[in-house]
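This report describes the packing, the covalent link and the charged pairs of one protein chain. The sequence and structure come first.

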Amino acid sequence: MLRLFFISFWLLLPLPFLLSNDGLEKLGALKWDKVVHGNQAWRLITCIWLHAGVIHLLANMLSLIFIGIRLEQQFGFSTLSIPFCSGSVLSSLFIQRSISVAASGALFGLLGAMFSKLLTNWTIYTNKATALITLTVIIVINLAVGILPHVDNFAHIGGFLTDFLLGFVLLLRPQFGWVGRKHLPAGARVTSKHKAYQYLFLVIAMVLLIAGFTVGLVMLFRGENGHDHCSWCHYLSCVPTSKWHCGN
């Protein structure tokens, strides 16, 4: 996946300098009224490849280096290069008065995938508690940054939740006993490839993923506002303080 993202970053390198709303809108940034009333659903995908500035671009590249390499080495390029636009769907439901770019949703998707990878492959880890606490702290800190103004935390949360569920489906690792079956003598009992709880997680994740994505798209194209169904959700993207307000 890193190959795909690095190619995309180089192709889109001039984009961070086009910081005006008009410039980003012409390049495919996410805008609610264009998606719902302008028949421009393609913006749900194009916004994933856009950045809001040089710092945004560099931060994503560095994060992909540290997070993405390990996952790509373990599960391969094809598994981790599946595009998904759920972050932009959630963003459109809750941010309807301004434009948004959702490239960071893919980064938070990697964090979600790492978290579900840890849970679904729990038995193969030695320092389980340390790995779980470390990853949880990293996720909480990164999501906490999203409550600052002008940061689309809904795209982050959507990307995280989607790849968290996809991780249970795509990032299963077989048991050591099954991997080493070729070294067993003839007639020896072979362990099953995966444990029962891995299959259970897979089924639950698939149901939640399909249901959530379907409900999100239906609500979006019916023109509904997510805040009408969740009065406190605005705090997930911006918490007002004496230093700033969240009117926009």
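In this predicted model, K34 has a relative accessible area of 27% and therefore counts as partly exposed. The side chain of K34 forms a salt bridge with E25, with 3.6 Å between the closest N and O atoms. E25 also meets K31 in a salt bridge, at 3.4 Å from N to O. Together, E25, K31 and K34 are linked in a network of salt bridges. Burial is not equal across this group: E25 is buried at 15% relative accessible area, whereas K31 is partly exposed at 25%.

The salt-bridge count for the model is three. The remaining pair is R222 with E224, whose side chains meet at 3.5 Å, N to O. Here R222 is exposed, with a relative accessible area of 63%, while E224 is buried at 19%. The value for E224 falls under the 20% cut-off, so the residue is classed as buried.

The pairs are listed below.

| Basic residue | Acidic residue | N to O distance |
|---|---|---|
| K31 | E25 | 3.4 Å |
| K34 | E25 | 3.6 Å |
| R222 | E224 | 3.5 Å |

**Nonpolar cores**

The largest nonpolar core holds 23 residues, and I67, L111, L135 and I139 have the most contacts inside it. Two or more residues of this core come from each of the helices α5 (54-75), α8 (104-120), α9 (128-145), α10 (153-170) and α12 (196-221). Helix α8 gives the largest share, eight residues. When residues up to four places away in sequence are not counted, L135 touches M114, F115 and L118. Apart from this core lies another, of 18 residues, which includes V36, A155, M219 and C233.

**Cysteines**

How many disulfides does the model contain? The count comes to one, and the bond joins C230 to C233 with an S to S distance of 1.9 Å. The link between C230 and C233 is right-handed, with 80° about the S-S bond. Both partners are buried: C230 has a relative accessible area of 12% and C233 one of 8%. C233 is also among the residues of the 18-residue core. A further cysteine, C47, is buried with a relative accessible area of 0%.

**A loop residue and its contacts**

I95 sits in the loop between α7 (86-94) and α8. Which residues does I95 contact, leaving aside neighbours within four places in sequence? They are W32, D152, F154 and S237. I95 and A155 are 60 residues apart in sequence, with their C-alpha atoms 9.7 Å apart in space. A155 is one of the residues of the 18-residue core.

**A nonpolar patch on the surface**

On the surface, I133, V137, I141, V145 and L148 make a nonpolar patch of about 440 Å². Of these residues, V137 is placed in helix α9. Why is V137 classed as partly exposed? Its relative accessibility is 43%, and because the class covers values between 20% and 50%, V137 belongs there. Helix α9, which holds V137 of the patch, is also among the elements that give two or more residues to the 23-residue core.

How values were computed:
Residues are numbered from 1 along each chain as its sequence is written. This is a predicted model: local features need pLDDT of at least 70, side-chain atom pairs count only at pLDDT 80 or more; totals for chains, interfaces and linings use all residues. Side-chain values use heavy atoms; hydrogens and water are left out. A nonpolar core is a set of buried Ala, Val, Leu, Ile, Met, Phe, Trp, Tyr and Cys residues joined through side-chain atoms within 4.5 Å. Buried means under 20% relative accessible area, exposed over 50%, partly exposed in between (1.4 Å probe, protein chains only). Helices (H or I, at least four residues) and strands (E, at least two) are DSSP runs, numbered from the N terminus. Contact means heavy atoms within 4.5 Å. A disulfide is a pair of cysteine sulfur atoms within 2.5 Å. Patches are made of residues with over 30% relative accessible area and no salt bridge: like charges are joined within 9 Å, nonpolar side chains (Val, Leu, Ile, Met, Phe, Trp, Tyr) within 5 Å. Accessible areas come from the Shrake-Rupley method with a 1.4 Å probe; for residues, only the protein chains shown count as cover. A salt bridge is a side-chain nitrogen of Lys or Arg within 4 Å of a carboxyl oxygen of Asp or Glu.
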